[in-house]
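Hi,

Here is the structure I promised to pass on. Have a look at it first, and then read my notes below.

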Amino acid sequence: MNEKKNVLLYRVAQKVFEEATAASLGATFHIIISFHLKQKFGKDPYEALIESPTTYYDGLKEVLGEGGEAVINLVGTFLTAKYNVDCTAEEFLRLFTKDSQLSAGKLSEIFRSVVTQEEQKLKAA
């Protein structure tokens, strides 16, 4: 059961990153970055994100340079605007730069909040 929850978090993280970057960076941006990160990590980049945000961020910066920080800030802003998460874009970025279980836990909590909100929308429809 825990593995199913983790897979759901990977998918939600991917969906959030896709949506957050598509409007300003184009629909193919996410596909290209995901390809490069999958090559780098040898696994789904969103699995890496949930397991070790710092590893994901370091890989993103390796692929995009300082643009990696801009992408994380963009996603943090998107999460605040669309899902009203209790985390500013700056705090969201810090979760990726501090290598700790607390940061990984907070990110998982944010993505679980997105899952809950999406489930509630489906029930209301």
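To start with a question: is Lys40 exposed, partly exposed or buried? Lys40 comes out as partly exposed, with a relative accessible area of 40%. Keep in mind that this is a predicted model.

I looked at Lys40 because of its salt bridge: its side chain meets that of Glu62, at 3.1 Å from N to O. The two come from distant parts of the chain, with Lys40 in helix α2 (residues 27-41) and Glu62 in helix α4 (residues 53-64), 22 residues apart. Glu62 has a relative accessible area of 58%, so it counts as exposed.

The count of salt bridges comes to eight. Another one of them pairs Lys82 with Glu19, at 2.8 Å from N to O. That pair also links distant parts of the chain: Glu19 belongs to helix α1 (residues 2-25) and Lys82 to helix α5 (residues 67-83), and their positions lie 63 residues apart in the numbering. Lys82 is partly exposed at 36% relative accessibility, and Glu19 is partly exposed as well, at 28%.

Then there is a pair within a helix. Glu118 and Lys121 form a salt bridge at 3.5 Å, N to O. Both sit in helix α7 (residues 101-124), and because they are three residues apart, about one helical turn separates them. Glu118 has 23% relative accessibility, which makes it partly exposed; Lys121, at 42%, is partly exposed too.

Going back to Glu19 and Lys82, these two are part of a network: salt bridges with shared partners join them and Lys15 into one group.

One more residue to look at is Thr54, which lies in helix α4, the helix that also holds Glu62. Is Thr54 buried or exposed? Its relative accessibility is 12%, and since the cut-off for buried is under 20%, Thr54 counts as buried. Its side chain reaches the backbone oxygen of Lys98 at 3.5 Å. Leaving aside residues up to four places away in sequence, Thr54 touches Phe96, Thr97, Lys98 and Asp99. Lys98 therefore appears twice for Thr54, as a residue it touches and as the one whose backbone oxygen its side chain reaches.

If you open the model, I would begin with Lys40 and Glu62, then go on to Thr54 and Lys98.

Cheers

Notes. Residues are numbered from 1 along each chain as its sequence is written. This is a predicted model: local features need pLDDT of at least 70, side-chain atom pairs count only at pLDDT 80 or more; totals for chains, interfaces and linings use all residues. Side-chain values use heavy atoms; hydrogens and water are left out. A salt bridge is a side-chain nitrogen of Lys or Arg within 4 Å of a carboxyl oxygen of Asp or Glu. Helices (H or I, at least four residues) and strands (E, at least two) are DSSP runs, numbered from the N terminus. Buried means under 20% relative accessible area, exposed over 50%, partly exposed in between (1.4 Å probe, protein chains only). A polar contact is a pair of N or O atoms within 3.5 Å; within protein, one must be able to donate a hydrogen and the other to accept it, and residues adjacent in sequence count only if both atoms are side-chain atoms. Contact means heavy atoms within 4.5 Å.
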